[in-house]
Amino acid sequence: ALNFSKLPSTDGAFQGADVVDIVDNYFVYNDPNTQKWAASNALSPITYALSFSSKDGAPDNLVSLIADHREVYLLGENSSEVWVDVGSFPFPFQRIPGTSTQHGIAAKFSVSRLGNSFAYVSRNIRGQAQIMAMNGYIPQRISTHAVEQTLLDQYIDDAVAYTYQLEGHEVYVVSFPTLDLTWAYDVSTQMWHKWLW
């Protein structure tokens with residue numbers, strides 16, 4: 001469990017995940033372009049074919065996921081939902097009732113831990129390009145109209161985010177490579193600034 005392992009090519013029903021996290025000693029990961037996601041055996045990179053489930057609260061595909069507070073947030077194209085380890089068999093996770101939201105994720109790599117939760121570039125059936133921070137099970141808009149105006153009608157699916165701390169300030173940084181644009185949000189001041197380089 002303390003060493004990295006290469007997932008075998010016969011790793012259950014899922015091949016080629018592009019988002020992976022860990023919770024309760026399970027690796028959890030997506031099956032790209034589907035609603036499916038999987039959990040490995042505890043303390044093992046191996047996943048048996050029965051250890052999988054689907055994001056089933058809405059019909060959109062699963063785009064990204066993140067483990068937060070020992071729960072797995074499944075971020076779809078237009079919606080999200082939260083699952084928790086209940087120790088069931090064959091799949092150890094179960095959806096938490098009442099946690100479905102009408103906000104999905106626009107860019108799978110825009111999710112990053114922030115404060116006591118995480119933030120991401122949002123998409124839903126009404127539009128996209130709002131930046132949200134999860135507050136419990138409810139996404140809250142942290143982007144301003146000025147930030148959103150720079151993303152309006154633009155390609156934002158390639159956004160990549162990370163977070164850093166400096167002198168007591170925690171900052172969510174999201175870059176949009178196609179737009180050659182980077183925005184940064186300071187949690188303590190709740191202000192945005194644009195990076196030039």
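Start by selecting strands 14, 15, 16 and 17 in this predicted model: they form an open sheet of four strands in the order 14-15-16-17, paired antiparallel. Colour strand 14 (160-166) and strand 17 (191-195) next; these two stand at the edges with a single partner strand each, so one side of each is left without a neighbour in the sheet. If you look along the strands, you can follow the turn between neighbours, which is 25 degrees on average, direction ignored.

**Inside the sheet**

Now keep strand 15 (residues 169-176) and strand 16 (residues 181-186) on screen. The two run antiparallel and are joined by six bridges. For one pair to click on, pick Tyr172 and then its bridge partner in strand 16, Tyr185. Leave Tyr185 highlighted, since this residue also belongs to the lining of the second largest pocket.

**Over to the pocket**

Which residues line the second largest pocket? Select Leu114, Ser117, Phe118, Ala133, Met134, Asn135, Gln140, Arg141, Ile142, Tyr185, Val187 and Gln190, and you have the lining in view. Two or more of these residues come from each of strand 11 (117-124), strand 12 (127-135) and strand 13 (138-141). Strand 12 gives the most, with three residues. Try colouring the lining by residue class: seven residues are nonpolar, four are polar and one is charged. The space they surround has a volume of about 230 Å³.

**Two histidines to visit**

Next, go to His103, in the loop between strand 8 (93-95) and strand 9 (104-105). Is this residue buried or exposed? His103 has a relative accessibility of 14%, so it counts as buried, the cut-off being under 20%. Show side chains here and bring in Ser122: a polar contact of 3.0 Å joins the side chains of His103 and Ser122.

For the last stop, select helix 1 (residues 145-151) and zoom in on His145, which lies in this helix. His145 has a relative accessible area of 63% and is therefore exposed, as that class begins over 50%. Finally, add Gln130 to the selection and draw a distance between the two C-alpha atoms. Gln130 and His145 are 15 residues apart along the chain, and their C-alpha atoms are separated by 8.8 Å.

How values were computed: Residues are numbered from 1 along each chain as its sequence is written. This is a predicted model: local features need pLDDT of at least 70, side-chain atom pairs count only at pLDDT 80 or more; totals for chains, interfaces and linings use all residues. Side-chain values use heavy atoms; hydrogens and water are left out. Buried means under 20% relative accessible area, exposed over 50%, partly exposed in between (1.4 Å probe, protein chains only). On a 1 Å grid over the protein atoms alone, a cavity is a set of points where a 1.4 Å probe fits but cannot get out, and a pocket is an open set with protein on both sides within 12 Å along at least five of seven lines; lining residues have an atom within 4 Å of a point. Grid points are joined across faces, edges and corners, and a volume is the space filled by probe spheres set on the points. Ala, Val, Leu, Ile, Met, Phe, Trp, Tyr, Cys and Pro count as nonpolar, Asp, Glu, Lys and Arg as charged, and the others, Gly among them, as polar. Two strands pair if DSSP finds at least two bridges between them. Axes are lines fitted to C-alpha atoms, for helices over the stretch in contact, and angles run from 0 to 180 degrees between N-to-C directions. A polar contact is a pair of N or O atoms within 3.5 Å; within protein, one must be able to donate a hydrogen and the other to accept it, and residues adjacent in sequence count only if both atoms are side-chain atoms.
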